[in-house]
Amino acid sequence: MKSIRNYTFYTVLALALVLSACQEDLLDKSPVTTISNESAYSTPAKVLAQVNGLYAQFSSQSFYGGRFIVFNEQRGNEFSQNDGNNSTGANVWNQSITASGDFVNAVWSAAYTTINSSNLLIENLTNSTVVGDSLRKNYIAEAKFLRAFSYLSLVQTYAKPFAQSSSSPALPLRLKAETSGSNNDFPFSTVAEVYTQVIKDLNEAETDLPATYATALLNASRAHKATAIALKTRAYLSKGDYANVVIEAAKLVPTTAPYQYVSGTLTHRLEASIATVFGGSYVGGEALFTIPFINPAEAPGLQSALAANYLSPVLYLSTTAIAADPVFASATSTDARKNLITTNATGQKLLRKFPKNSAPYTDYVPLIRYAEVLLNYAEAAAQTGNLTTATALLKAVRNRSDAAFTFTTGLGSKDELVSTILNERRIELLGEGFRTPDLLRRVQPLPAKTGNAGTAPEIAPTAGNYVWAIPSNELAYNALAPR
């Protein structure tokens, strides 16, 4: 798990024709390990292999293929930890992990590997004639989307929240490919500068991405226009820029029900049954961006897989957090999301959104769902005073899983409605990696918690470990990193 920080490593990795985690029939399967830069982009098939390889890097088990999502749940308060073993993230759960921690270094390395590979692809395709102009722009836009997603993930994890201090040093904003270790000393950009670049990349990606692909699988696993727009709603929400959340979300969500986005043959909407979304290999209309582990060899390992963490279990649901909500805990609840929780032989409540609890762990990983877009929009609409729209969007999410439910409280004022929407986020997005970012963006403490692994203290926003420390490997290689 040792993180390699020298950027020479990134170049070698990015120039490999790695197998894609996206779709087998699109791959150049030549068993090449390292090749020249010219050769890597010399044919349409090899260019496509580089694009697929970029998605594969983003989908690594240290990043969005598993671990990073788990870490964002461990740092929050929805789950208790079963053991005190740091290899399963006990030091993440109890908030004791430091700059030298393997996971702190591994996430940083995985994200910057994706970023540098994105930069390489952008630079190599900018003036290329190997593929047609439209497809070339498509590929570059995909690289910008994944670069933006990676930077958003980093700035939400290692930097102070935008609402707390947008002028604080955040990250090295590397936008050019690094082909040697000579540029390791690199200044840190501010939180605001990183967000500006994320939005810039997503705006440009939206322009050049296709509206749709040929199959449902590709629409779910490759970035398209709606994917970039949806991620912008997340980025703006993280900034607290509610007006722009509304502007972007309105591109995907009509003003009145039925709430759905239609572009040609593509429709994004809430799936009728939440159980369908979490059946293990969902690529339907609710999926705006998903990691599909089609090839078992590419699936995450035991300690990284979501099912292994939630069902084995490393983590079990805290009885004092969202699992105590009547949606899950009431004997009379008819909410379908209640069925996404099970009880094991020792009485622990376990999340079963990812049901494939044995190797290979091939559950598809949903990263952006239409339900999230509706909730992003609802929160932003409420914050900007449009309580009618906010309420309607909230009800759409709740009534998808419980058609008979009627809110009798929590809708009376702006503050009450925002609180109700935030609670619905905790119910709907449970286990999908949103809890910690949602606490941080609102500059709320990371709550104290207890479990079989012991206790974890409350972490105040002013505490040094409120966000993860700059990794020790970055500090070792980058003399300009803040200390």
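Student: How many nonpolar, polar and charged residues are in the lining of the largest cavity?

Tutor: In this predicted model, the lining of the largest cavity divides by class into eight nonpolar, five polar and six charged residues.

Student: How is such a cavity found to begin with, and how many cavities of 30 Å³ or more does a search of the whole structure find?

Tutor: The general idea is that a probe the size of a water molecule, rolled over the atoms, shows where empty space is left. Here a search of the whole structure gives eight cavities of 30 Å³ or more, and the largest has a volume of about 200 Å³. This largest cavity is lined by 19 residues, of which Q156, R234, G433, F434 and P437 are the closest to its centre.

Student: Which elements give two or more residues to the lining of the largest cavity?

Tutor: Those elements are four helices and one strand in the numbering used here, namely α4 (67-74), α10 (225-239), β10 (365-369), α15 (370-383) and α18 (435-441).

Student: Since α15 is on that list, how should I read its axis against that of α17, and at what angle do the two cross?

Tutor: An angle over 145 degrees counts as roughly antiparallel. The axes of α15 and helix α17 (residues 414-428) come within 9 Å and cross at roughly 165°, and therefore α15 and α17 are roughly antiparallel to each other. The crossing in which α15 passes α17 is left-handed. On the α15 side the contact is made by A371, E372, L375, N376, A378, E379, A382 and Q383, while α17 brings K414, L417, V418, I421, L422, E424, R425 and E428. By class, the residues of this contact of α15 with α17 are eight nonpolar, two polar and six charged.

Student: Which residues of α11 and α15 meet, and how are the axes of these helices set?

Tutor: The axes of helix α11 (residues 242-252) and α15 come within 8 Å and cross at roughly 140°, and α11 and α15 are therefore oblique to each other. Here too the crossing, of α11 past α15, is left-handed. From α11, the residues Y242, V245, V246, A249, A250 and L252 meet Y370, V373, N376, Y377, E379, A380, A381 and Q383 of α15. The residues in this contact of α11 with α15 divide into 11 nonpolar, two polar and one charged.

Student: How many nonpolar, polar and charged residues does the contact of α3 with α6 have?

Tutor: The contact of α3 with α6 has six nonpolar and six polar residues, and no charged ones. The axes of helix α3 (residues 44-58) and helix α6 (residues 102-125) come within 9 Å and cross at roughly 160°, so α3 and α6 are roughly antiparallel to each other. In this contact V47, Q50, V51, L54, Q57 and F58 of α3 meet T113, T114, S117, S118, L121 and L125 of α6.

Student: Turning to the backbone, which peptide bonds are cis, and where does Q95 lie?

Tutor: As a general guide, most peptide bonds are trans, and most residues other than glycine have a negative phi. In this structure, the bond from A257 to P258 is cis, with omega near 0°, and P258 is placed in the loop between α11 and β4 (260-263). Another cis bond joins A359 and P360, with omega about -5°, and P360 lies in the loop between β9 (349-351) and β10. Q95, in the loop between α5 (90-93) and α6, has a positive phi near 70° although this residue is not a glycine.

Methods:
Residues are numbered from 1 along each chain as its sequence is written. This is a predicted model: local features need pLDDT of at least 70, side-chain atom pairs count only at pLDDT 80 or more; totals for chains, interfaces and linings use all residues. Side-chain values use heavy atoms; hydrogens and water are left out. On a 1 Å grid over the protein atoms alone, a cavity is a set of points where a 1.4 Å probe fits but cannot get out, and a pocket is an open set with protein on both sides within 12 Å along at least five of seven lines; lining residues have an atom within 4 Å of a point. Grid points are joined across faces, edges and corners, and a volume is the space filled by probe spheres set on the points. Ala, Val, Leu, Ile, Met, Phe, Trp, Tyr, Cys and Pro count as nonpolar, Asp, Glu, Lys and Arg as charged, and the others, Gly among them, as polar. Axes are lines fitted to C-alpha atoms, for helices over the stretch in contact, and angles run from 0 to 180 degrees between N-to-C directions. Angles under 35 degrees count as roughly parallel, over 145 as roughly antiparallel, 65 to 115 as roughly perpendicular and the rest as oblique. A crossing is left-handed if the near helix is turned anticlockwise from the far one by less than a right angle, and right-handed if clockwise. Contact means heavy atoms within 4.5 Å.
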